[in-house]
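The following exercises are to be worked with the sequence and the model at hand. Each task is followed by a solution in steps.

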Amino acid sequence: MKKRVGVAILGLGVVGGGTYKTLVDHREFYLKTQNVDIVVEAVLDKNRARLQELGVPEECIAGSIAEVVANPAIDIVIETIGGVGIAKEFVMAALKEGKTVVTANKEMISKCSHELERIARRNNCGLYYEASCVGGVPIIRTLLDGVQANHITEMMGIVNGTTNYILTKMTQDGKDYAEALKEAQALGYAEFDPTNDVEGFDSTYKLSILSSMAFHTKVPYTKVHREGISSVSVQDIAIGKEIGYTLKLLAIGKNSENGIEVRVHPTFIPSAHPLAGVSDAYNAVYLRGDALDDIMLYGKGAGAFPTASAVVSDVIYAATHSEIKYSTYKNTATAESKVKFISDFSSAYYIRLSVDDKAGVLAKVSGIFGRNGISIVEIMQKGSSSEDGGRVPLIIITHKTKENSVKNAVAKINASDIGTVEAVIRVEA
Ligand code: HSE
């Protein structure tokens, strides 16, 4: 017998609208392929014009969240409002009434999943959030149901399309940051206030969710080391390109016996690495598992329909599985218990200095690195100064070294009369 499942959609923005259209247009298809009749029973949004634009029938327009959660025909509530304020209030109201929630809200899940999941467990309903990370790319389902045979030891992701678009334009067309950002805004990738994307907050929320699932350990977003791309220079991107590196804003998670390290920052990777070929607004996540070795998932990380694809996949999952899947975190009671998070992590580095072009400078620079225990792989002077003692760029690539050693060496150079450190970029192999 075909199962009937009633859903409500809270918020008809880009993702909510895409979800509404997908559910309505594909109703017959899901009936045939999934044996489930998914019916949009209610839509809650104050914007009458948007409701009309999408053709939501009058009888489906809800007046309040109270009306939605009191409706016995609604089994699943889809939250596509975003943010933590009203969205969280509505989600809690739905869970308390035993309605399964499907959400696209990375900030809310990253900040509040413990609290929300506790309510879901108490009320015997589900909380699903495939659409919160990397849009249409089924990374959460893959972590839950595809690679669960493995200890996942590492993940590296390009999880923000806006910054990937900007860095691609800086790399391929030599545009500077401000120009590339303007172009991303004109195309609707970057918002008028681009802070959330360009300063790495969006990637931080996503990394906190994905590493929590991959490492079976709740990783609070506050534990993620975060640096954005707003001070990346096109000069470093061009030098990196010459020496075989591509710059990406990476979300990196590593899980070892020593603990968990999570960081979001601009990173040079070898130009032959599969992630280096992920261009424009595309996203990808690269995973390493002990049985699996390496895999990469690639696709559109944002947009109405790619994200709706993820929302609807959760709705179908919830509608067709009687057993509810909850998180498998070992630190469920409190996010920070029983887990060591590493802050002084190790990495290789690209360091660009501006130094006096005169005898003895290289020896002094390498002396400072040596005294801080940093081993140099390569050192390159870019050009020469026309006047004796004029400034030139000096590029240093280090072996893997501790973050704090690099900080000490940089401080020593900046305090000396040799020159100044202009850029420090981590390098991952
Ligand atoms: N603003 C995000 C991005 C999409 O640029 O990838 C939503 O997570």
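**Exercise 1.** How many nonpolar, polar and charged residues does the lining of the second largest cavity have?

*Solution.* The model is a predicted one. Begin with the volume: the second largest cavity holds about 40 Å³ of space. Next, identify its lining, which consists of Leu 143, Val 147, Gln 148, Asn 150, Ile 152, Met 213, Ala 214 and His 216. Finally, sort these residues by class: five are nonpolar, three are polar and none is charged.

**Exercise 2.** Describe the largest cavity and explain its position relative to the domains.

*Solution.* Searching the whole structure yields three cavities of 30 Å³ or more. The largest cavity contains about 120 Å³ of space. Its lining has 14 residues, and those nearest the centre are Leu 127, Tyr 128, Tyr 129, Leu 144 and Met 213. Two elements, β5 (127-128) and α7 (139-146), give two or more residues each to this lining; the largest share, three residues, is that of α7. By class, the lining comprises eight nonpolar, one polar and five charged residues. Because domain 1 (3-132) and domain 2 (139-300) both contribute to the lining, the largest cavity lies between them.

**Exercise 3.** Analyse the largest pocket in the manner of the preceding exercise.

*Solution.* The volume of the largest pocket is about 1,100 Å³. Of its 38 lining residues, Val 15, Lys 106, Gly 301, Ala 302 and Gly 303 lie nearest the centre. Elements that each supply at least two lining residues include α6 (106-122), α8 (161-173) and β10 (282-289). The element giving the most is α11, with three residues. The lining divides into 13 nonpolar, 17 polar and eight charged residues. Since both domain 1 (3-132) and domain 2 (139-300) provide lining residues, the largest pocket lies between these two domains.

**Exercise 4.** Characterise the packing of helix α1 against helix α13.

*Solution.* Consider the geometry: the axes of α1 (residues 14-25) and α13 (residues 304-320) come within 8 Å and cross at roughly 65°. The crossing is right-handed. Then list the contacts: α1 uses Val 14, Val 15, Gly 18, Thr 19, Lys 21, Thr 22 and Leu 23, which meet Ala 304, Phe 305, Thr 307, Ala 308, Val 311 and Val 312 of α13. By class, this contact has eight nonpolar, four polar and one charged residues.

**Exercise 5.** How far apart do the C-alpha centres of domain 2 and domain 3 lie?

*Solution.* The domain assignment places domain 2 at 139-300 and domain 3 at 346-427. Their C-alpha centres lie 26 Å apart. The contact takes 16 residues from domain 2 and 13 residues from domain 3.

Conventions
Residues are numbered from 1 along each chain as its sequence is written. This is a predicted model: local features need pLDDT of at least 70, side-chain atom pairs count only at pLDDT 80 or more; totals for chains, interfaces and linings use all residues. Side-chain values use heavy atoms; hydrogens and water are left out. Axes are lines fitted to C-alpha atoms, for helices over the stretch in contact, and angles run from 0 to 180 degrees between N-to-C directions. Helices (H or I, at least four residues) and strands (E, at least two) are DSSP runs, numbered from the N terminus. A crossing is left-handed if the near helix is turned anticlockwise from the far one by less than a right angle, and right-handed if clockwise. Contact means heavy atoms within 4.5 Å. Ala, Val, Leu, Ile, Met, Phe, Trp, Tyr, Cys and Pro count as nonpolar, Asp, Glu, Lys and Arg as charged, and the others, Gly among them, as polar. On a 1 Å grid over the protein atoms alone, a cavity is a set of points where a 1.4 Å probe fits but cannot get out, and a pocket is an open set with protein on both sides within 12 Å along at least five of seven lines; lining residues have an atom within 4 Å of a point. Grid points are joined across faces, edges and corners, and a volume is the space filled by probe spheres set on the points. Domain bounds come from an automatic or database domain assignment.
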